[in-house]
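Please open the structure in your viewer and keep the sequence panel beside it, so that each selection can be followed in both places. The tour goes from one stop to the next, and at each stop you select a few residues and look at what surrounds them.

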Amino acid sequence: MEDQRLNARERWPEAFEGLSALQTHALEQALVSSWHEGVEPTTDLVRDIAARARSEISFDEFKHRVLRRAGVQ
C-alpha cells in the first residue's frame, strides 16, 4: 500500500529552516490541506510559502508568483 502522507519536512527540509514552531506548523498545514485537495506542491510553491511565512516576500509578491506559475499573469 502506498504511503498516504506528504512528509513535507522530509521532502523540503530547507524550506523549514529559520521558521518558528508556529510557522512550521502553519506551513505543514497549508501544504497538507492543499495536497488533500489534489494539489501536488512544487518546490517553488513550498519555497514561496516559506518565504512569505518568514516575511521575506510581501503578500503581493507571493500572489504574483503563484499567478505567474499558473499562467494567469
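Begin with Arg-9, which is partly exposed, with a relative accessible area of 47%. Keep in mind throughout that the model is a predicted one. Now add Glu-28 to the selection, and you will find that its side chain meets that of Arg-9 in a salt bridge, at 2.6 Å from N to O. The two residues lie 19 residues apart and link distant parts of the chain, since Arg-9 sits in helix 1 (residues 8-11) and Glu-28 in helix 2. As a general point, side chains of opposite charge can pair when their charged atoms come close.

Next, select Arg-11 and Glu-40, whose side chains also form a salt bridge, here at 2.8 Å from N to O. This pair again joins distant parts of the chain, with Arg-11 in helix 1 and Glu-40 in the loop between helix 2 and helix 3, 29 residues apart. Arg-11 counts as partly exposed at 41% relative accessibility, and Glu-40 counts as partly exposed as well, at 45%.

Now turn to the packing of two helices, and select helix 2 (residues 21-36) together with helix 3 (residues 43-53). At what angle do these two helices pack, and how far apart are their axes? The angle is about 145 degrees and the axes are 10 Å apart, while the crossing of helix 2 past helix 3 is right-handed. To see the contact itself, show the side chains of Gln-23, Leu-27 and Leu-31 on helix 2, and those of Val-46, Ile-49, Ala-50 and Ala-53 on helix 3. Sorted by class, this contact has six nonpolar residues, one polar residue and no charged ones.

Stay with helix 3 and colour Val-46, Asp-48, Ile-49, Ala-50 and Ala-51, which are buried in this helix. The buried residues of helix 3 pack against helix 2 and also against helix 4 (59-70). If you then move just past the end of helix 3, you come to Ser-55, which takes a positive phi of about 65 degrees.

The next stop is the largest nonpolar core, which has 15 residues, and those touching the most other members are Leu-6, Ala-8, Trp-12, Ala-15, Phe-16, Leu-27 and Leu-31. Helix 2 and helix 3 each supply at least two residues of this core, and the largest share, four residues, comes from helix 3. In soluble globular proteins, nonpolar side chains tend to be buried together. Select Ala-15 from this group and look for its contacts with Leu-27, Val-46, Ala-50 and Arg-54, a list that leaves out residues up to four places away in sequence.

From Arg-54, step to Glu-56, with which Arg-54 forms a salt bridge whose closest N and O atoms are 3.7 Å apart. Is each partner partly exposed or exposed? Arg-54 counts as partly exposed at 23% relative accessibility, whereas Glu-56 is exposed, with a relative accessible area of 53%.

For the last salt bridges of the tour, select Asp-48, Glu-61, Arg-65 and Arg-69, which are linked in a network. The count for the model comes to six salt bridges.

Finally, select Ser-20, which lies in the loop between helix 1 and helix 2 and counts as partly exposed at 35% relative accessibility. Ser-20 and Ser-34 are 14 residues apart in sequence, and their C-alpha atoms are 21 Å apart in space.

Methods. Residues are numbered from 1 along each chain as its sequence is written. This is a predicted model: local features need pLDDT of at least 70, side-chain atom pairs count only at pLDDT 80 or more; totals for chains, interfaces and linings use all residues. Side-chain values use heavy atoms; hydrogens and water are left out. Axes are lines fitted to C-alpha atoms, for helices over the stretch in contact, and angles run from 0 to 180 degrees between N-to-C directions. A crossing is left-handed if the near helix is turned anticlockwise from the far one by less than a right angle, and right-handed if clockwise. Contact means heavy atoms within 4.5 Å. Ala, Val, Leu, Ile, Met, Phe, Trp, Tyr, Cys and Pro count as nonpolar, Asp, Glu, Lys and Arg as charged, and the others, Gly among them, as polar. A salt bridge is a side-chain nitrogen of Lys or Arg within 4 Å of a carboxyl oxygen of Asp or Glu. Buried means under 20% relative accessible area, exposed over 50%, partly exposed in between (1.4 Å probe, protein chains only). A nonpolar core is a set of buried Ala, Val, Leu, Ile, Met, Phe, Trp, Tyr and Cys residues joined through side-chain atoms within 4.5 Å.
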